[in-house]
Amino acid sequence: MSPRAFVAEPLSTAQMEQLAEAARWAPSASNKQPWHFAYALRDDANWQAFSQLPNEFNRRWCLNAGALIVLLSDKQASAKHSFDAGCAWGYLALQAHSMGLATHAMGGFSADEARTVLGLPEHLVPEIVIAVGRRADASVLPDDLREREVPSQRKPLTEVLSAGAVPTAAAA
Ligand SMILES: Cc1cc2nc3c(=O)[nH]c(=O)nc-3n(C[C@H](O)[C@H](O)[C@H](O)COP(=O)(O)O)c2cc1C
């Protein structure tokens, strides 16, 4: 689950390194590894700048996270840069879970601002911002967000898995 309630305590550098260590072992097209993780821990000098990147809605909850990570992909390195970076994000999320931490990806952020804050060359693409931290009780959230702090459903297996040709209904 991608929670919005986080305990407002910083991640350690060692924890961040463990997360990236798992992510960097993700497979990628031609092993180009077209990803980069730029992070700020909530107690470090970069936090203020990173915390401006998420949009207004996301800032309502993500500012309690222990760290914010900007996931970048390298479009110069591979035609599959976004796909591969997405796989690395998945590995990072599973590693976080195994460490008792939670992650929440955010597509709602300013890529332009990220370019400025991180001083990015044109070929590095800001893909998502990731909030990481220890989960808090939903009571720390404002009412409307607390109501949404429940597990999400998924499409049934029959809708996403087919032997051979894709059924017309699923393709529609
Ligand atoms: C690429 C991506 C972008 C997302 N952007 C946002 C976002 O901007 N704000 C937000 O609250 N959740 C965001 N999410 C979280 C999804 O809404 C969430 O993963 C989905 O609803 C399934 O819920 P679950 O992860 O709790 O199972 C994003 C997730 C992904 C993978």
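Helices are DSSP runs of at least four residues, numbered from the N terminus. In the predicted model examined here, one such helix, α6, holds both Asp143 and Arg146, which are three residues apart and therefore separated by about one helical turn. The side chains of Asp143 and Arg146 meet in a salt bridge, with a distance of 2.9 Å from N to O. Asp143 is exposed, at a relative accessible area of 52%, because the cut-off for that class is over 50%. Arg146 has a relative accessible area of 35% and is partly exposed.

The chain contains eight helices and four strands. Read from the N terminus, the order of these elements is α-β-α-α-β-α-β-α-β-α-α-α. Along the principal axes, the C-alpha atoms occupy a box of roughly 50 × 40 × 30 Å. The radius of gyration is 17 Å, which agrees with the value near 16 Å that a compact globule of 172 residues would have. Of the contacts between residues at least 6 apart in sequence, 75% join residues at least 24 apart.

Of the 172 residues in the chain, 38% are buried. The exposed area of the chain is about 9,700 Å², and 52% of this area is supplied by carbon and sulfur atoms. The charged side chains comprise 15 positive and 18 negative ones. The centres of the positive and negative sets lie 4 Å apart.

Side chains of opposite charge can pair when their charged atoms come close. Five salt bridges were found in a search of the whole structure, among them the pair in helix α6 described above. Another of the salt bridges joins the side chains of Glu9 and Arg134, with an N to O distance of 2.7 Å. This pair links distant parts of the chain, the two residues being 125 residues apart. Glu9 belongs to the segment before α1 (13–23), whereas Arg134 is in the loop between β4 (124–133) and α6 (143–147). Both ends of the bridge are partly exposed: the relative accessible area is 31% for Glu9 and 41% for Arg134.

A further salt bridge is formed by the side chains of Arg60 and Asp144, at 2.9 Å from N to O. The Arg60–Asp144 pair also links distant parts of the chain, here two helices. Arg60 is in helix α3, which spans residues 56–62, and Asp144 is in helix α6, 84 residues apart from Arg60. Arg60 is partly exposed at 40% relative accessibility, and Asp144 is likewise partly exposed, with a relative accessible area of 37%. Helix α6 thus takes part both in a bridge to helix α3 through Asp144 and in a bridge between its own residues Asp143 and Arg146.

Backbone geometry was also examined in the loop between α1 and β1. Ser30 is placed in this loop, ahead of strand β1 at residues 35–41. Although Ser30 is not a glycine, its phi is positive, at about 55 degrees. Ser30 counts as exposed, with 67% relative accessibility. Gln33 is found in the loop between α1 and β1 as well. The phi of Gln33 is positive too, at about 50 degrees, and Gln33 is not a glycine. At 34% relative accessibility, Gln33 is partly exposed.

How values were computed
Residues are numbered from 1 along each chain as its sequence is written. This is a predicted model: local features need pLDDT of at least 70, side-chain atom pairs count only at pLDDT 80 or more; totals for chains, interfaces and linings use all residues. Side-chain values use heavy atoms; hydrogens and water are left out. A salt bridge is a side-chain nitrogen of Lys or Arg within 4 Å of a carboxyl oxygen of Asp or Glu. Buried means under 20% relative accessible area, exposed over 50%, partly exposed in between (1.4 Å probe, protein chains only). The radius of gyration is taken over C-alpha atoms; the globule rule is 2.2 Å times the number of residues to the power 0.38. Contact means heavy atoms within 4.5 Å. Accessible areas come from the Shrake-Rupley method with a 1.4 Å probe; for residues, only the protein chains shown count as cover. Lys and Arg count as positive and Asp and Glu as negative; His and the chain ends are not counted. The place of a charge is taken as NZ of Lys, CZ of Arg, CG of Asp or CD of Glu.
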